[in-house]
Amino acid sequence: MNDYKNKQQIKEYLDLLEKNSFETKLFLKELLLNANNALQTKQNCEDKEADFEAMMEVYFEPSDSSITIVDNGIGMSKEELSSFVLEQSFQKIEKVLSDNSLLEKELGLYFVFALAQKISIISKKHKEDTAHKFISDLNSFDIAPCINEDYSGTVIYIKLKDEFAEEFTNKENLISYLNELKESISFDLFLSYYDENFQEKVEKIN
């Protein structure tokens with residue numbers, strides 16, 4: 001694993017988010033709109049697969065305190081995954097700190113850092129042969145090749161901090177949040193989970 005060079009910056013940013021009492025559900029909006037953009041880009045590709053059907057899914061698991069967002073969009077390359085930890089990725093943080101304001105969009109993983117104790121992203125770029133896995137916490141990160149499906153897409157797994165786990169692994173909460181966002185989503189959106197009988201359930205939101 002590689003240590004972050006900007007751990008203090010991340011900490012200051014998270015402190016600022018807490019001070020501004022940001023809406024925690026903004027991280028869900030951020031990730032779903034990113035997935036929607038990835039699907040739109042793939043949809044517009046002339047060389048997409050003939051059987052391509054754009055979709056995104058939100059999966060939650062209370063016993064693991066986790067939520068996972070999946071899309072079969074354009075995907076990210078190793079370089080794009082690496083961009084999360086480059087020095088220029090912190091320019092938006094610096095802007096927030098310098099003018100003491102809270103940006104509500106295009107803050108990428110930094111919203112997620114406020115709620116997560118661990119993040120894992122597996123992504124495969126359209127027409128590339130290899131998928132890559134990005135694992136991160138507030139202290140370190142790693143990026144490595146991994147096995148994935150033949151098609152492009154991204155899976156974002158978020159292990160939530162204890163204080164946020166109940167809110168974002170609750171079916172009623174998630175349905176309410178997703179219903180607020182569904183007008184901004186251009187493609188099929190599903191919520192999946194296991195019921196009390198350990199049977200997988202999938203509900204279409206839009």
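## Tutorial: reasoning from values to labels

Tutor: Let's start with I143, which touches K78, L81, S82, H132, K133 and F134, leaving aside residues up to four places away in sequence. The model is a predicted one.

Student: Where is I143 found?

Tutor: I143 lies in strand β6, residues 140-146. The C-alpha atoms of I143 and L81 are separated by 7.8 Å, and these residues are 62 residues apart along the chain.

Student: Why does I143 count as buried?

Tutor: Buried means under 20% relative accessible area. I143 has 18% relative accessibility, so I143 counts as buried.

Student: What makes S65 count as buried, then?

Tutor: The reasoning uses the cut-off of under 20% again. S65 has 18% relative accessibility, so S65 counts as buried. S65 is placed in the loop between β2 and β3, and S65 has a positive phi of about 55° although it is not a glycine.

Student: What makes a positive phi worth a remark?

Tutor: Most residues other than glycine have a negative phi. K127 is not a glycine either, yet K127 has a positive phi of about 75°. K127 sits in the loop between β4 (116-124) and β5 (131-136).

Student: How do you know whether K127 is buried or exposed?

Tutor: Exposed means over 50% relative accessible area. K127 has 56%, so K127 is exposed.

Student: On to the helices. Why are α2 and α7 called oblique to each other?

Tutor: The axes of α2 (residues 26-43) and α7 (residues 171-181) cross at roughly 50° and come within 11 Å. Angles under 35 degrees count as roughly parallel, and 65 to 115 as roughly perpendicular. An angle of roughly 50° falls in neither range, and therefore α2 and α7 are oblique to each other. The crossing in which α2 passes α7 is right-handed.

Student: Which residues make the contact?

Tutor: From α2 come L28, K29 and L32, and from α7 come L174, Y177, L178 and L181. By class, the contact of α2 with α7 has six nonpolar, no polar and one charged residues.

Student: Which residues of α7 are buried?

Tutor: The buried residues of α7 are L174, Y177, L178 and L181.

Student: How do you know that the buried residues line one face of the helix?

Tutor: Seen down the axis of α7, its buried residues fall within an arc of 95°, so they line one face of the helix. As background, residues three or four places apart in an α-helix point the same way, because there are 3.6 residues a turn. The buried residues of α7 pack against α2, β2 (55-61), β3 (66-71), α6 (162-168) and β8 (188-194).

Notes. Residues are numbered from 1 along each chain as its sequence is written. This is a predicted model: local features need pLDDT of at least 70, side-chain atom pairs count only at pLDDT 80 or more; totals for chains, interfaces and linings use all residues. Side-chain values use heavy atoms; hydrogens and water are left out. Axes are lines fitted to C-alpha atoms, for helices over the stretch in contact, and angles run from 0 to 180 degrees between N-to-C directions. Helices (H or I, at least four residues) and strands (E, at least two) are DSSP runs, numbered from the N terminus. Angles under 35 degrees count as roughly parallel, over 145 as roughly antiparallel, 65 to 115 as roughly perpendicular and the rest as oblique. A crossing is left-handed if the near helix is turned anticlockwise from the far one by less than a right angle, and right-handed if clockwise. Contact means heavy atoms within 4.5 Å. Ala, Val, Leu, Ile, Met, Phe, Trp, Tyr, Cys and Pro count as nonpolar, Asp, Glu, Lys and Arg as charged, and the others, Gly among them, as polar. Buried means under 20% relative accessible area, exposed over 50%, partly exposed in between (1.4 Å probe, protein chains only). The arc is that of the directions from the helix axis to the C-beta atoms.
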